[in-house]
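Let's take a friendly walk through this model, looking at how its helices pack and what lies inside. Please keep the sequence and the structure open while you read.

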Amino acid sequence: MTERPVAIVTAASRGIGAACARALASRGYRLALMARSERIDALAGELGAVATRGSVDSAADLAALVDRALSEYGRIDAVVNNTGHPGKGELIALEDSAWQEGFALILQSVIRMARLVTPVFLRQREGAVVNISSLWAPEPSLDAPISSTLRASLSSFTKLYADRYAADRIRMNCLLAGFVDTHPVPEKFAKAIPMARIGTPEEVAGVAAFLLSPDASYITGQSLRADGGMTRSF
């Protein structure tokens, strides 16, 4: 491929999403960005990208984002599925609505995006997806029961998708991010990080960019951790 590749990044107005957008732009990608906040327009202007206002839990907004990318650039080569965080609370006290909202945010959004972009990837005979997930996927925490449960499910979906489309040169991986400095980190978690520091969005974004790149062409179906060594399971 001689023309510059195209990447979609969701929830891209700040934090890890914005860092991913900047990392990909610096590597030559043309970008289609989405977020609910008006900050997405300023970031798009900074990076020469196109922006769509919307939320990942809306099927219509995701479809509009993909349509915008295709109408503007004529192709899609990569996707970063980034989201916010679901609600927290006591395990069995959380209402059905909180679980349903978490499902729409973390898992259904990725499934919907896969439906939209897979036909594009198949036509192009190549594509790559990174799902920004959490260290709670392999080691669930009662501090984040919805996130822990659904991000483990996201890793399972990622593996199934990778199995199905690997022969078509379509890759999907999860990036299990640890604590980053965009939000206050409880002391008990900060003390548990072997590297003795909080990560940065840029560090997570660098891993995402690698997973989308040709350098990672033999990596698919994996859940790669970028957590400062905090999780301990194999």
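How close do the axes of helix 1 and helix 7 come, and at what angle do they cross? In this predicted model, the axes of helix 1 (residues 15-26) and helix 7 (residues 201-212) come within 8 Å and cross at roughly 50°. That angle makes helix 1 oblique to helix 7, and the crossing is right-handed. On the helix 1 side, the contact is made by G15, I16, A19, C20, A23 and L24, which meet P201, E202, V204, A205, A208, A209 and L212 of helix 7. Sorted by class, the residues of this contact are eleven nonpolar, one polar and one charged.

**Two more helix pairs**

Helix 1 also packs against helix 2 (residues 39-47), with axes that come within 11 Å and cross at roughly 15°. Helix 1 and helix 2 are therefore roughly parallel to each other, and helix 1 passes helix 2 in a right-handed crossing. Here A18, A21, R22 and A25 of helix 1 meet L43, E46 and L47 of helix 2. This contact of helix 1 with helix 2 counts five nonpolar, no polar and two charged residues.

Next come helix 4 (residues 96-124) and helix 5 (residues 145-165), whose axes come within 9 Å and cross at roughly 15°. That makes helix 4 roughly parallel to helix 5, and helix 4 passes helix 5 in a right-handed crossing. Helix 4 contributes A98, W99, G102, F103, I106, L107, V110, I111, A114, T118, F121 and L122 to the contact, while helix 5 contributes P145, I146, S147, T149, L150, R151, S153, L154, F157, Y161 and Y165. By class, these are 17 nonpolar, five polar and one charged residues.

Here are the three pairs side by side.

| Helix pair | Axes come within | Crossing angle |
|---|---|---|
| Helix 1 and helix 7 | 8 Å | roughly 50° |
| Helix 1 and helix 2 | 11 Å | roughly 15° |
| Helix 4 and helix 5 | 9 Å | roughly 15° |

**The nonpolar cores**

Which residues have the most contacts inside the largest nonpolar core? They are I8, I76, V79, M113, F121 and Y161, in a core of 36 residues. Two or more residues of this core come from each of strand 1 (6-9), strand 2 (30-35), helix 3 (59-73), helix 4, helix 5 and strand 6 (170-177). Helix 4 gives the largest share, ten residues. Y161 touches A114, T118, F121, I170 and M172, leaving out residues up to four places away in sequence. Apart from the largest core lies another, of 33 residues, with L24, A78, V80 and A205 among them. Two of these names have already appeared in the contact of helix 1 with helix 7: L24 on the helix 1 side and A205 on the helix 7 side.

**A closer look at W99 and S148**

W99 is found in helix 4 and, at 25% relative accessibility, counts as partly exposed. Not counting residues up to four places away in sequence, W99 touches L91, L94, P145, I146, T149 and L150. Its C-alpha atom is separated by 8.3 Å from that of P86, with the two residues 13 apart along the chain.

Is S148, a residue of helix 5, buried or exposed? S148 has a relative accessible area of 4%, so it is buried. Beyond its neighbours within four places in sequence, S148 is in contact with W136, A137, P140 and S141.

**Two positive phi angles**

Finally, two loop residues may interest you when you check the backbone. R125 has a positive phi of about 65°, although it is not a glycine. R125 lies in the loop between helix 4 and strand 5 (127-134), and is exposed, with a relative accessible area of 65%. A196, also not a glycine, has a positive phi of about 60°. A196 sits in the loop between helix 6 (187-190) and helix 7. With 66% relative accessibility, A196 counts as exposed.

Notes: Residues numbered from 1 in each chain as written. Predicted model: local features only at pLDDT ≥ 70, side-chain atom pairs only at ≥ 80, totals over all residues. Heavy atoms only, no water. Axes fitted to C-alpha atoms, helices over the stretch in contact; angles between N-to-C directions. Helix = DSSP H or I, 4+ residues; strand = E, 2+ residues; numbered from the N terminus. Parallel < 35°, antiparallel > 145°, perpendicular 65-115°, else oblique. Left-handed = near helix turned anticlockwise from the far one by under 90°. Contact = heavy atoms within 4.5 Å. Nonpolar A, V, L, I, M, F, W, Y, C, P; charged D, E, K, R; others polar. Core = buried A, V, L, I, M, F, W, Y, C linked by side-chain atoms within 4.5 Å. Buried < 20%, exposed > 50% of the residue type's maximum accessible area, 1.4 Å probe, protein only.
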